[in-house]
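Open the structure in your viewer and keep the sequence panel in sight. This tour goes from the whole chain to single residues.

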Amino acid sequence: MKTYIKRTKALLNNIKKKKLFIENIALRNEVKSTLVMNKVFMETAYENFKYNQINTEVRYYITKYNNNPIVITRSIDTLDTLDIDLVMSNPDNIIDTRLNQTGAIKRASVENVRSIARDIRSNYPSIKHLSAYVKSPILEANYRRMGFETSLYCN
């Protein structure tokens, strides 16, 4: 994660200095926003690894392509529900997919959620629900394709 945090900062700097030029202003702003959100999620998750403590309620799921992590998901186990807490992506793949570049690995988040569901069915039968607060329209569309539904919870 530390490497991806540094890479994200470098990509944001390259966009700012126009070394990575994105002509379409709306697309440029969307890419920057996605990278910033991804960096914040990674910095938050990285905190789990700074201390010599293991929290058995927190799990990480990694989807790799050619042995490189593409999507990393942090989840938290609460009673019979697994909360998908943070979904983080390889920053170069964010650029590649948003700019439709050759080599972009699309739908990696779908495979990541499928692997989470398989793991739960096999290893954690007490978990009956998956929960996620989704900010990304792409991730939301992927979840919907997999059969997830929108639920509104009120306290």
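The stops below run from overview to detail.

**Stop 1: the whole chain.** This is a predicted model, so colour it by pLDDT before anything else. The mean over the protein chain is 83, and 88% of the residues score at least 70. Now select helix H1, residues 2-16: its mean pLDDT, 94, is the highest among the elements. Then select helix H5, residues 137-145, where the mean is the lowest, at 69.

**Stop 2: the order of elements.** Switch to cartoon view. You should count five helices and four strands. Trace them from the N terminus: the pattern reads α-α-β-β-β-α-α-β-α.

**Stop 3: surface and contacts.** Turn on the surface. The accessible area of the protein chain is about 10,200 Å², and carbon and sulfur atoms hold 50% of that. Of the 155 residues in the protein chain, 35% are buried. Next, think about contacts between residues with a separation of 6 or more: in 56% of them, the partners sit 24 or more positions apart.

**Stop 4: the sheet.** Hide the surface and select the four strands. They form an open sheet in the order S1-S2-S3-S4, and the pairing is mixed. Which strands stand at the edges? They are S1 (58-65) and S4 (129-132). Each has a single partner strand, so one side of each lacks a neighbour in the sheet. Look along the sheet to see the twist, which averages 30° from one strand to the next.

**Stop 5: the S3-S4 pair.** Keep S3, residues 81-89, and S4 on screen. These two strands run parallel, and four bridges join them. Show side chains for one facing pair: Thr 81 stands opposite His 129 in S4.

**Stop 6: helix H3.** Select residues 91-98. Is this helix mostly covered or mostly uncovered? Mostly covered: six of its eight residues are buried. Pick them out one by one:

- Pro 91, Asn 93 and Ile 94 are among the buried residues of H3.
- Ile 95, Asp 96 and Arg 98 are also among them.

**Stop 7: the two ends of H3.** Start with Asn 90, which caps the N-terminal end of H3. Draw a distance from its side-chain oxygen to the backbone nitrogen of Asp 92; it should read 2.8 Å. Then go past the other end. Just after H3 comes Asn 100, with a positive phi of about 50°.

Definitions and conventions
Residues numbered from 1 in each chain as written. Predicted model: local features only at pLDDT ≥ 70, side-chain atom pairs only at ≥ 80, totals over all residues. Heavy atoms only, no water. Buried < 20%, exposed > 50% of the residue type's maximum accessible area, 1.4 Å probe, protein only. Polar contact = N/O pair within 3.5 Å; in protein donor to acceptor, adjacent residues only side chain to side chain. Contact = heavy atoms within 4.5 Å. Areas by Shrake-Rupley, 256 points an atom, 1.4 Å probe, with all protein chains shown as cover. Pairing = 2+ DSSP bridges. Axes fitted to C-alpha atoms, helices over the stretch in contact; angles between N-to-C directions. pLDDT = per-residue confidence, 0-100.
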